[in-house]
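Student: Please take a close look at one part of this model, the salt bridges. I should like to know which side chains take part, where they sit, and how exposed they are, with some context from elsewhere in the chain.

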Amino acid sequence: MMYSEKVMDHFMNPRNVGEIEDASGVGTVGNAKCGDIMKIFLKIEYGIVLDAKFKTFGCGAAVATSSIATELIKGKTIQEALEITNKAVMEALDGLPPVKVHCSCLAEEALHAALWDYAEKNGIVIEGLEKPVNDIGEHEEGYYEAE
């Protein structure tokens, strides 16, 4: 299995590891099939993501996708943040092996879960944001190949 240099870089030197004490939104998602758990913390003010941190328990690809996802979301408006899809995460990492594509889906779901938490805490509706699931295996069966 070959990983791009960017994946290796974000795995060996992950950005934004840790937690934000007074986070505006926190999203935790897991994948029961592979055991990865991703927790993303967002600091949002005036509709802008000022900071993002993560804690991930999982494989190197899960760490790398968390790292790049927090990099991609910083400085974005909430609407721009919603456009960070698993495809965007994969492109930013110069691709992932097929059996690791689900890690990028986990990153997308964790970002969305954190945005959902922010919306709930603030009594707002974020256009286009769907209620997150806790286990991405629930609705993304298509992403899984045997590991």
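Tutor: The account below takes the salt bridges one by one and then turns to other residues of the chain.

This is a predicted model, in which local features need pLDDT of at least 70 and side-chain atom pairs count only at pLDDT 80 or more, whereas totals for chains, interfaces and linings use all residues. Residues are numbered from 1 along each chain as its sequence is written, and side-chain values use heavy atoms, with hydrogens and water left out.

The structure contains 7 salt bridges (a salt bridge is a side-chain nitrogen of Lys or Arg within 4 Å of a carboxyl oxygen of Asp or Glu). One of them joins the side chains of Asp-94 and Lys-6, with an N to O distance of 3.9 Å. Asp-94 belongs to the loop between α4 (86-92) and α5, whereas Lys-6 belongs to helix α1, so this pair ties together parts that lie 88 residues apart in sequence. (Helices, H or I of at least four residues, and strands, E of at least two, are DSSP runs numbered from the N terminus.) Asp-94 is exposed, at 51% relative accessibility, whereas its partner Lys-6 is partly exposed, with a relative accessible area of 38%. Here, buried means under 20% relative accessible area, exposed over 50%, and partly exposed in between, for a 1.4 Å probe and protein chains only.

A further salt bridge is formed by Asp-22 and Lys-43, whose closest N and O atoms are 3.3 Å apart. This pair, too, links distant parts of the chain: Asp-22 is in the loop between α1 and β1, and Lys-43 is in strand β2, 21 residues away. Asp-22 has a relative accessible area of 52% and is therefore exposed.

The side chains of Asp-51 and Lys-53 also meet in a salt bridge, at 3.9 Å from N to O. Asp-51 has 22% relative accessibility, so this residue counts as partly exposed. For Lys-53 the value is 22% as well, and Lys-53 likewise counts as partly exposed. Asp-51 and Lys-53 do not stand alone, since they are linked with Lys-74 in a network of salt bridges.

Several elements named above hold other residues that deserve comment. Helix α1, which holds Lys-6, spans residues 5-12 and also contains Phe-11. Phe-11 is partly exposed, with a relative accessible area of 36%. The loop between α1 and β1 (25-31), the location of Asp-22, also holds Asn-16. Unlike the exposed Asp-22, Asn-16 is buried, at 13% relative accessibility. Its backbone is notable too: Asn-16 has a positive phi of about 60° although it is not a glycine. Most residues other than glycine have a negative phi.

Strand β2 (36-45), the element of Lys-43, is followed by a loop that leads to β3 (48-57), and Tyr-46 lies in that loop. Tyr-46 is likewise not a glycine and has a positive phi, of about 50°. The setting of Tyr-46 is an open one, for with a relative accessible area of 83% this residue is exposed.

Finally, some pairs of residues show how positions remote in sequence are placed in space. Val-133, in the segment after α5, is 104 residues from Val-29 in sequence, yet the two C-alpha atoms are 7.2 Å apart. Val-133 is buried, at 18% relative accessibility. Gly-30, found in strand β1, is buried as well, with a relative accessibility of 12%. From Gly-30 to Val-99 there are 69 residues in sequence, and their C-alpha atoms are 16 Å apart. Glu-83 occupies the loop between α3 (78-82) and α4 and, at 59% relative accessibility, is exposed. The C-alpha atom of Glu-83 is separated by 18 Å from that of Ile-136, which lies 53 residues away along the chain.

To return to the salt bridges, the Asp-94 and Lys-6 pair ties together parts that are 88 residues apart in sequence, the Asp-22 and Lys-43 pair connects a loop to strand β2, and Asp-51, Lys-53 and Lys-74 form a network.
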